[in-house]
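Hi,

Here is the structure I promised to pass on. Have a look at it first, and then read my notes below.

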Amino acid sequence: MKINKIAILGYPIKHTLSPKMHNYWLKELGINGKYDAIKTPIRNFKKTIIKLCKDGYKGSNLTLPLKEKALKYLNKKDEIVDIVGAVNVLIFSKQGFIEGKNTDIYGFKKSLVKLVKKKRGIAIIIGSGGAARAVLCALIEMKYNKVILCNRTKKKAEKIKKDFQKKFSRNLKTKIVYDELKNTKKHLKSIDLLINTTPMGMKGFPILNIDVKSLKISAAVFDLVYNPLETKLIKEAKKRGIKSSNGLDMLMYQAQRSFYYWLNKTPKITNKLKKILEKEIK
Ligand code: NAP
């Protein structure tokens, strides 16, 4: 019987939760398949995807540092991949045809909707890497009025702003502005949503020092980090009664969408799965 083979590629890859999630779903749905983690530094990337195509893999997920590098190997891509400039899903055909998708936008949107019910106002995005691009894309699609990009490196944030203004052109209704990371504090009083898209707060990284006391009580905090499950940012927000989310829901939703692209089935996100992943993190 044919085995549906899928993998996640990246480097480092040791701590990825993706095999746990996808293998759980394969089993739940009774699909004969296998999801591996393949250590792939940039120098091995091309060689690896050629081999996976030849070996009959359905596709792969991509994580750091490959999401942007993959663009040049794609035979087909969504318009959204072009806008974001990053791919986290590859779909392979037997003929070696490679299609790229970005499900981080979907993952973020689905989890944000759970957190923030109606109002679309002003958001701050901390960071200006690949994840920030996916988040900005989602906020534009969700019609946020204004997004402030606060980043350590001005050039990177300005590049995102320029790219998005160009790509969305006259359809862009969201005002995008840049400010220095150290100026984040002065915006806190007036914003509705704060999103951390940097690895700060993640295990092994410095904490993200933002004093949530200045945030409106009606605001929301979204930290893309999920290891630890409660960063200092999330802890402080909770303490003040401000609604918050870590990055675990986003991770599950982007995986759910990826699974659909490879196998044409939408697996269920359940409390049982969430508990399994949380246990893995702890
Ligand atoms: P990336 O492209 O490398 O971008 C990282 C960003 O963080 C850059 O803007 C960088 O600033 C900033 N940064 C890193 N270290 C910093 C520090 N010590 N101080 C200040 N700024 C710092 O990475 P990415 O792909 O966007 O991923 C970022 C994070 O999001 C990772 O932790 C990743 O695990 C997480 N993520 C989570 C999900 C999910 O499903 N929950 C999905 C995607 C990503 P400069 O521009 O100044 O270098």
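A quick word on labels before anything else: helices (H or I, at least four residues) and strands (E, at least two) are DSSP runs, numbered from the N terminus. Please also keep in mind that this is a predicted model.

With those labels, the chain has ten helices and twelve strands. Its radius of gyration is 19 Å, close to the 19 Å that the globule rule gives for 282 residues, so the chain is as compact as a globular protein of that length. If you want a feel for the dimensions, the C-alpha trace spans about 60 × 40 × 35 Å along its principal axes. Half-and-half is a fair way to think of burial here, as 50% of the 282 residues count as buried. The chain exposes about 14700 Å², and 52% of that comes from carbon and sulfur atoms.

Two more numbers for the whole chain. Take the contacts between residues at least 6 apart in sequence: 71% of them join residues at least 24 apart. As for charge, there are 63 positive and 22 negative ones, and their mean positions are 1 Å apart.

Now the sheet. Six strands form an open sheet with mixed pairing, in the order E2-E1-E3-E5-E6-E4. E2 and E4 are the edge strands, each pairing on one side only. As a reminder, strands of a sheet pair through backbone hydrogen bonds, either parallel or antiparallel. You can find both kinds here:

- E1 (residues 4-10) and E2 (residues 33-39) run parallel and are joined by seven bridges. One pair to look up is Lys5 with its bridge partner in E2, Lys34. E1 is also mostly covered, with six of its seven residues buried.
- E3 and E5 (residues 89-92) pair in the antiparallel sense over three bridges. Here Asn61 has Val89 as its bridge partner in E5.

Asn61 comes up again when you look at Gln254. That glutamine lies in helix H9 (residues 248-263). Is Gln254 buried or exposed? Its relative accessible area is 7%, and buried means under 20%, so Gln254 counts as buried. What does it touch, leaving aside its neighbours within four places in sequence? Its contacts are Asn61, Asn88, Thr103, Asp104 and Gly107.

There are some backbone details in the loops to click on as well. First, the cis peptide bonds:

- The bond from Leu64 to Pro65 is cis, with omega near 0°. Pro65 is in the loop between strand E3 (59-62) and strand E4 (76-77).
- The bond from Asn227 to Pro228 is cis too, with omega near 10°. Pro228 is in the loop between strand E11 (220-223) and helix H8 (232-239).

Then the positive phi angles:

- Lys143 is not a glycine, yet has a positive phi of about 65°. You will find Lys143 in the loop between helix H5 (130-141) and strand E8 (146-151), and at 63% relative accessibility it counts as exposed.
- Asn264, again a residue other than glycine, has a positive phi near 60°. Asn264 sits in the loop between H9 and helix H10 (271-281), and it is exposed, with a relative accessible area of 59%.

If you open just one spot, I'd suggest Gln254 and its contact with Asn61.

Cheers

Technical notes
Residues numbered from 1 in each chain as written. Predicted model: local features only at pLDDT ≥ 70, side-chain atom pairs only at ≥ 80, totals over all residues. Heavy atoms only, no water. Rg over C-alpha atoms; globule rule 2.2 N^0.38 Å. Buried < 20%, exposed > 50% of the residue type's maximum accessible area, 1.4 Å probe, protein only. Contact = heavy atoms within 4.5 Å. Areas by Shrake-Rupley, 256 points an atom, 1.4 Å probe, with all protein chains shown as cover. Lys, Arg positive; Asp, Glu negative; His and termini not counted. Charge placed at Lys NZ, Arg CZ, Asp CG, Glu CD. Pairing = 2+ DSSP bridges.
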